[in-house]
Number of protein chains: 2
Amino acid sequence: MLHGHNLIGFEESAKGKETFQSFSTVQGSFLPDQFHIATNNEIEAAIAKAVAAFGIYSKLSFAERAVFLETIAEEILQLGDDLLERAHLESGLPLARLTGERDRTMNQLKLFASLLREGSWADAVIDTAMPDRQPLPRADLRRILQPLGPVTVFAASNFPFAFSTAGGDTASALASGCPVIVKAHSAHAGTNELMATAIKRAAEKTGMPDGVFSSLNGEGATLGQRLAVDPSIKAIGFTGSYRAGMALYETVTQKRKAPIPLYAEMSSINPVVLLPETLALKTAAIANTLAGSITLGVGQFCTNPGLILVIKSKATEAFIELMTASLSAVVAGTMLNDSICKAYYTDRNKLINNQQVQIIFKGTELANEYKGTPALFSVTAKEFIANPALQNEVFGPSSLVVICDDKMQLETALTQLHGQLTGTVFGSNEELLRYTTVVQLLQEKTGRVIFNSAPTGVEVCHAMVHGGPFPATTDSRTTSVGTEAIRRFVRPVCYQDCPEALLPLYLQNKNHAGIMRKINGNYSRDSI
Amino acid sequence: MLHGHNLIGFEESAKGKETFQSFSTVQGSFLPDQFHIATNNEIEAAIAKAVAAFGIYSKLSFAERAVFLETIAEEILQLGDDLLERAHLESGLPLARLTGERDRTMNQLKLFASLLREGSWADAVIDTAMPDRQPLPRADLRRILQPLGPVTVFAASNFPFAFSTAGGDTASALASGCPVIVKAHSAHAGTNELMATAIKRAAEKTGMPDGVFSSLNGEGATLGQRLAVDPSIKAIGFTGSYRAGMALYETVTQKRKAPIPLYAEMSSINPVVLLPETLALKTAAIANTLAGSITLGVGQFCTNPGLILVIKSKATEAFIELMTASLSAVVAGTMLNDSICKAYYTDRNKLINNQQVQIIFKGTELANEYKGTPALFSVTAKEFIANPALQNEVFGPSSLVVICDDKMQLETALTQLHGQLTGTVFGSNEELLRYTTVVQLLQEKTGRVIFNSAPTGVEVCHAMVHGGPFPATTDSRTTSVGTEAIRRFVRPVCYQDCPEALLPLYLQNKNHAGIMRKINGNYSRDSI
């Protein structure tokens, strides 16, 4: 049923002789379908089509783009169980999780559609002319956000739907008015093909220009690099490992003449601070929550809690015992792919072999079955502070407990932390008010501060920030989840004394869509 | 009267033995005052103070920061004629221009103060909890923009006030909640000292933390590089040459571990398109406007019109004759400094010696008097398209007329343009509607499209965009002029289920300052 071709705009293309197959960790074998690696000509054709499409697509009304996004969601639903089953085979993720992720992906597209229909996101700002001002008159100045141009999206392995072909990067880039070229993730090339076909169908049904979307197969070191250096590519969305993200950063900053925004979400160990009184009062509940969060999805979430900071006490000992009991009861899950599973045990073994690190619990290594068993380690805050390598991400169901002597040492440990997607603190309101420095430090190091719940689970909404200081991302000024993700792919353009007929619709005197605009410094939905 | 010291927070410091003097192009001699180059210890002390100040300054209320900015404006006014006279000697700029620029600089500080008092700029977004939502409850999520940390500002030579010590970069960074370390421009070190002292006095008077502002003397290759690589510096504002800007870009991207935003405004030739019918109707008025714009401030504006695109006609010939007459009547002005004057004639001579370029007019070379005489060149569109080097900026009162055969060739020439701060078109409403592709191409290449007036003159307001695609800047997503400049120094932070007492003021249920917030997707000034 799968054709294994690249999608160059509306055209299926398989000019290359080189092919590959997806490996299923569920079946422990390669799946039969052959996927054609894009040739250089095919890559260039996709870029040329994206450039041509940009001229048309960027000028469509927000409502037209909204219909496109909603139709993609419909087409994804039409893929039915074929999509879920293929993704299960290619990712090892259970069907229930995949069903939820598919719904989230569809809702994400619909949320961006509603953002477009509302229209205020484009930040229309108008300063009207003051012809009589002294000493100089003021011109009429109007600005609005405009799309950057063709965007490359690198699909992620750990969310075959929500951070891949039709995921958040693609949805926000398409919403902003930018054509998208997806570099498919080779671990789930079949899932990618189904999703890409859904986007293609939606584009055809809604009259979008050929080239508004392309999907290419290939490796990061070849296809990825080629897309990253092309002068016509104006922004990049990436979710993946620190190593791959930094390789991309080097390429973008050193091998292309014109700088472009690179949004690479890479590495985060998501520190969780347990304040002592609250931990003593709710030891079992907190242990239960965290053990669940560490092992959810076999620990393969960007916001997995890889670091737990506590102050030495009886409660801490009880907490560690309860965690051990919970983790040892977890049935090992199948990991996303062979290389992620191997990397998990390699990185876990670095902790196991570290003389300063205590092994609290480790499940049997099941790399041959592609399964990840949980592990829990501990280290003194003194050692943690002295050894920055202990902050390296272990991608999988493993966590490191940092045992601090006192509040001051806890604060020192937090001061040493690298940038993170999330920082969590468990504490009663009253206790939190005695630990405001802890909260402040978490805020300085992260994109999201969470109170009294697990860091896993990222709501797709207006207020979400899924981003944070380096090395969590290469650009802390943005988010890859939630409606604000659209701002990654736009830049402001100002029109000075522009005739009404040539102004973008949302800057014209008549406020056609009734959007919120800033007029001479005041917010208003009025016409001028 | 000048002490020649560095300003490390509130402390004057002159630990280095190495000194330099400002050279006055007005007097043709060095000014007597000796300025001490910052030592490595002094640089480190300024950074340490900025880090310490950030912890306090970033938590002040918007109103407190507003008072600080307004007090800086007052202290600048208090500097009186001493400031204007020193700046005149150090920049060669006339007193009338400097008086206007000082007022603009003060107004800029006051505009950011009013933005802070209004408060909505911080983009408060609230999605309230939905505990009963199926299949999963939604947490309470609130996000707001928070300052990045200590910022380095590189002062510019061509605006000793408005783009220097207390200029737009400093004003917007201080407004955002970030401490600032200024690398003084060595051409106007005395002006810098006066301005820095005004900022210091304002900081002391308003109770700001020591280290909220520092000013250091030194060269780009040493002081500038040292500041650019320091891990505690979290963003950089720069205005200067393409070469210096790209050297800084290389340092920031290759010599520091953690990427930071670099806002380098560098090189723009600000194309002006003259549509044929309008040019024929208003030949004299357009020639007068452009000749004035080319020579304003001896051509030393970022938005100087260095490129004029026309379609071959009788009117074009008349236009060139009128331009020649206007330019030849201009009295040569003193340039900012020796190296800018030398570079002007060097770059101008490249055009003079280019076989494909016609010399329409060139004033006598007056490099020994530090004066810049106007020049006008022309080239066929065919040659212009074939030779990208003709797009190199000639910083000074020179412009190149590109003569196109027809509309199609004009469009091709515009397609080849590099990124620009501004793009201008002269055309009647009726004629513009027949040239919508021209307008579209100008929009794609620039940060600001101007209709029927000169590109020089940048209004400080809400809708301004002073930025644009590379090489105009290294980051087209922002502006360095206008209130939106504040967004360069912030990042979003999300608070999940945060107790009311720990939330930032502007995210609390009660909307204390009555700011505009986005609550569950709707804009509102209400409390929750």
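User: Which residues does A:Arg226 touch, and what makes each of them a contact?

Analyst: A:Arg226 touches A:Asn40, A:Ile43, A:Glu44 and A:Ile47, leaving aside residues up to four places away in sequence; these are called contacts because heavy atoms lie within 4.5 Å. The model is a predicted one, in which local features need pLDDT of at least 70 and side-chain atom pairs count only at pLDDT 80 or more, while totals for chains, interfaces and linings use all residues. Residues are numbered from 1 along each chain as its sequence is written, chains are lettered from A and ligands numbered from 1 in the order in which they are written, and side-chain values use heavy atoms, with hydrogens and water left out.

User: Where does A:Arg226 lie, and how far is it from A:Thr474?

Analyst: A:Arg226 lies in helix α7 of chain A, residues 220–229, where a helix is a DSSP run of H or I with at least four residues, a strand is a run of E with at least two, and both are numbered from the N terminus. A:Arg226 and A:Thr474 are 248 residues apart in sequence and 20 Å apart in space, C-alpha to C-alpha.

User: How many helices and strands does chain A have, and why is chain A called as compact as a globular protein of its length?

Analyst: Chain A has 16 helices and 25 strands. Its radius of gyration is 25 Å, close to the 24 Å that the globule rule gives for 528 residues, so chain A is as compact as a globular protein of that length; the radius is taken over C-alpha atoms, and the rule is 2.2 Å times the number of residues to the power 0.38. Along the principal axes, the C-alpha atoms of chain A fill a box of roughly 75 × 65 × 40 Å.

User: Which term fits A:Asn270, buried or exposed, and why?

Analyst: A:Asn270 has a relative accessible area of 0%, so it is buried (buried means under 20%, exposed over 50%, partly exposed in between, with a 1.4 Å probe and protein chains only). In chain A as a whole, buried residues make up 65% of the 528 residues.

User: What is the phi of A:Asn270, and where is the residue placed?

Analyst: A:Asn270 has a positive phi of about 50 degrees although it is not a glycine, and its place is in the loop between β13 (262–265) and β14 (271–274) of chain A. B:Asp123, also not a glycine, has a positive phi of about 55 degrees, and B:Asp123 lies in the loop between α4 (95–118) and β7 of chain B.

User: What surrounds B:Asn270 in chain B?

Analyst: B:Asn270 touches residues including B:Cys302, B:Asn304, B:Gly306 and B:Gln420, and with a relative accessible area of 0% B:Asn270 is buried.

User: What makes the peptide bond between B:Gln134 and B:Pro135 cis or trans?

Analyst: Omega is about 0 degrees for the bond joining B:Gln134 and B:Pro135, and the bond is cis; B:Pro135 sits in the loop between β7 (125–127) and β8 (141–147) of chain B. The bond from B:Phe470 to B:Pro471 is cis as well, with omega near 5 degrees, and B:Pro471 is found in the loop between β22 (446–451) and β23 (490–496) of chain B.

User: Which residues have the most contacts inside the largest nonpolar core?

Analyst: Those residues are A:Phe68 and B:Phe68, in a core of 218 residues; a nonpolar core is a set of buried Ala, Val, Leu, Ile, Met, Phe, Trp, Tyr and Cys residues joined through side-chain atoms within 4.5 Å. Among the residues that B:Phe68 touches are B:Tyr57, B:Leu174 and B:Met208.
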